[in-house]
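Let us walk through this model together, one sheet at a time, and then turn to the ligand and a few individual residues. Please keep the structure open as you read.

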Amino acid sequence: MNTREDFVAEARRCLQCKNAPCVVACPAHNPIPRFMKAVREGGFAEAKTIWDETSVLPEICGRLCQNETLCVGHCTMNKLGAPLKIGELEAAVSDLFPLDIPSMSPPNGRRHLVIGLGPAGLSNAMEMAKMGYFVDAIDANPDLGGALINLIPGFRFDHRILERIRHKVEAMGIRIQYGVEVGKTVLLSELLPRYDSVFIACGSDLPQGAEIETHGVPLWYAHDLLDRQRYQPSDLKEMLGKAVAVVGLGNVAVDMARVLVRLGKRVTIVYRRSVNEAPAGRHEIQAARDEGIEIRELRLPRSCSIASGKRSLLCDRTAVVVALDGTKTIETVPGSGERIELDDLVYATGQRSSDTVFNGTDLVLRPDLSPYSTSNPNVFVGGDRVNRHKRIVDAMVSGIEAAKLCQGGSR
Ligand code: SF4
């Protein structure tokens with residue numbers, strides 16, 4: 001799909017389903033049938049405006065959303081041939097208007113602060129600016145994008161897209177301070193009196209710990225190794241040996257494995273569930289396999305050892321047991337231990353958010369009020385701190401939903 005004619009032809013395949021399962025499956029509930037109708041009539045500007053109703057980051061979501069399990073996976077056309085290429089069309093239409101900004105309400109004199117400019121912070125900042133707020137944003141990194149720029153490799157996501165976002169954000173009047181870490185460089189308590197509302201979306205900046213005895217085998221975390229603020233690929237080439245086992249099968253694990261393969265490493269992914277249950281995107285998993293990465297599913301890492309100078313990872317085979325109520329548990333198969341030779345072990349089994357941003361305050365989360373609420377009625381949280389799935393579209397939705405609550409903020 002390269003030309004406008006291609007876009008029109010693709011949109012013509014849409015059945016305009018009354019129940020629109022694609023919309024139901026989309027966490028942002030993007031109005032996909034109306035968008036398709038506008039595209040097939042050649043109304044690209046109208047299609048872009050329709051998308052603006054529910055999304056502020058179509059150039060990101062169109063490229064990175066795991067739509068094969070969301071809108072595309074639920075498209076009625078799956079039963080009749082091939083599903084609509086919804087994400088590709090979303091990105092393609094957005095690319096026709098790269099610097100276009102949404103319509104803005106007149107200034108309302110209220111001030112809003114966003115801490116962290118990943119997908120959640122960006123969407124919240126843009127939503128609040130659209131509503132006429134004067135928006136300041138602070139990010140600890142030297143550029144915006146959060147995990148999009150720090151963790152997702154360039155072969156999966158063209159980082160130049162973020163330059164477009166920066167132009168848009170600046171055109172919307174959002175002022176950004178880079179290289180400032182709230183909780184260290186400046187305290188939240190010093191910032192609060194200056195704003196009517198605050199949205200905190202610092203992402204997941206800490207890796208989850210690994211419960212494994214390594215017995216001298218080097219253990220790394222993908223979250224650290226992928227972070228371009230810390231390491232460049234040439235560093236990883238030197239730091240890690242030839243054979244690497246990566247534990248986990250989310251997108252971070254697959255990105256890690258694919259980065260290492262490009263550095264000449266022999267990579268085995270070890271995952272305790274079946275590939276079908278993995279949180280990583282299907283395209284990403286297939287790409288990893290195509291690049292020669294071995295995926296050993298249904299294996300639970302137990303311990304590492306070094307014998308006769310050879311390092312290995314001992315894994316138990318696992319089985320997924322389904323209870324009568326449908327709940328699934330993982331059980332190890334007795335006596336099924338097997339060894340995988342390796343030089344280095346990399347864990348990619350999740351991240352969590354640090355609480356540095358709250359230093360010097362007594363704020364606590366109030367999930368009983370809303371997923372985004374804190375004990376201060378003017379301060380809200382979003383992004384990976386509240387997103388169970390840790391998908392980009394959920395981060396964007398959290399920024400948009402929290403913006404509705406932020407608009408109720410008052411000093
Ligand atoms: S489910 Fe597929 S065919 Fe039906 S409205 Fe959505 S995109 Fe169109």
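A good place to begin in this predicted model is an open sheet of five strands, which follow the order E6-E14-E7-E8-E9 with parallel pairing. At its edges you will find E6 and strand E9 (294-296), each of which pairs on one side only. As you step from one strand to the next, the twist averages 25 degrees. Within this sheet, look at strand E7 (residues 243-247) and strand E14 (residues 344-347): four bridges pair them in the parallel sense. One residue to pick out here is Val 246, whose bridge partner in E14 is Val 346. Helix H14 (residues 251-262) packs on the sheet and touches E7, strand E8 (266-270) and E14. The direction of H14 makes about 165 degrees with that of E8.

Now move to another open sheet, which has five strands in the order E3-E2-E1-E4-E16, again with parallel pairing. Strand E3 (175-178) and strand E16 (379-381) stand at its edges; each has a single partner strand, so one side of each is left without a neighbour in the sheet. Here the twist from one strand to the next averages 15 degrees.

Strand E4 (residues 197-200) is a helpful guide to this sheet. Towards strand E1 (residues 111-115), E4 runs parallel and is joined by four bridges. Two of the residue pairings can be followed by name: His 112 has Ser 197 in E4 as its bridge partner, and Val 114 has Phe 199. E4 is also joined to E16, again in parallel, by three bridges. In that pairing, Val 198 stands opposite Val 379 of E16. Which way do the residues of E4 point, and are they buried or exposed? Ser 197 and Phe 199 point one way, Val 198 and Ile 200 point the other way, and all are buried. A helix belongs in this picture too: H8 (residues 119-130) lies across E1, strand E2 (134-139) and E4. H8 runs at about 165 degrees to E2.

With both sheets in mind, step back to the whole chain. It contains 16 helices and 16 strands. What radius of gyration does the chain have, and what would a compact globule have? For 411 residues, a compact globule would have a value near 22 Å, and the 23 Å of the chain agrees with this. Taken along the principal axes, the C-alpha atoms fill a box of roughly 70 × 60 × 50 Å. Buried residues account for 45% of the 411 residues. If you consider contacts with a separation of 6 or more, 70% of them join residues 24 or more positions apart.

Next, the ligand. There are 15 residues around it, and those that come nearest are Cys 14, Leu 15, Cys 17, Cys 22 and Cys 75. The elements giving two or more residues to this shell are helix H2 (21-25) and helix H3 (32-40). H3 gives the most, with three residues. How many residues of the shell are nonpolar, polar or charged? The shell divides into 13 nonpolar residues, two polar and no charged.

Between Cys 14, Leu 15 and Cys 17 in the sequence, have a look at Gln 16, which sits in the loop between helix H1 (4-12) and H2. Although Gln 16 is not a glycine, its phi is positive, at about 55 degrees. Gln 16 is exposed, because it has 12 other C-beta atoms within 10 Å, and 12 or fewer is the cut-off for that class.

The loop between E5 and E6 offers another residue of this kind, His 215. Its phi is near 45 degrees, a positive value in a residue other than glycine. His 215 counts as exposed, with 11 C-beta neighbours inside 10 Å.

The loop between strand E5 (206-207) and strand E6 (219-221) also holds Ala 210. With 18 C-beta neighbours inside 10 Å, Ala 210 counts as partly exposed. Leaving aside residues up to four places away in sequence, Ala 210 touches Leu 219 and Tyr 347. To end with a view across the model, compare Ala 210 with Met 36: they lie 174 residues apart along the chain, and their C-alpha atoms are separated by 45 Å.

Note on methods:
Residues are numbered from 1 along each chain as its sequence is written. This is a predicted model: local features need pLDDT of at least 70, side-chain atom pairs count only at pLDDT 80 or more; totals for chains, interfaces and linings use all residues. A residue is near a molecule or strand if its C-beta atom, placed from the backbone, lies within 6 Å of it. Ala, Val, Leu, Ile, Met, Phe, Trp, Tyr, Cys and Pro count as nonpolar, Asp, Glu, Lys and Arg as charged, and the others, Gly among them, as polar. The radius of gyration is taken over C-alpha atoms; the globule rule is 2.2 Å times the number of residues to the power 0.38. A residue is buried if 20 or more other C-beta atoms lie within 10 Å of its own, exposed if 12 or fewer, and partly exposed in between; C-beta atoms are placed from the backbone. Two residues are in contact if their C-beta atoms, placed from the backbone, lie within 7 Å. Two strands pair if DSSP finds at least two bridges between them. Axes are lines fitted to C-alpha atoms, for helices over the stretch in contact, and angles run from 0 to 180 degrees between N-to-C directions.
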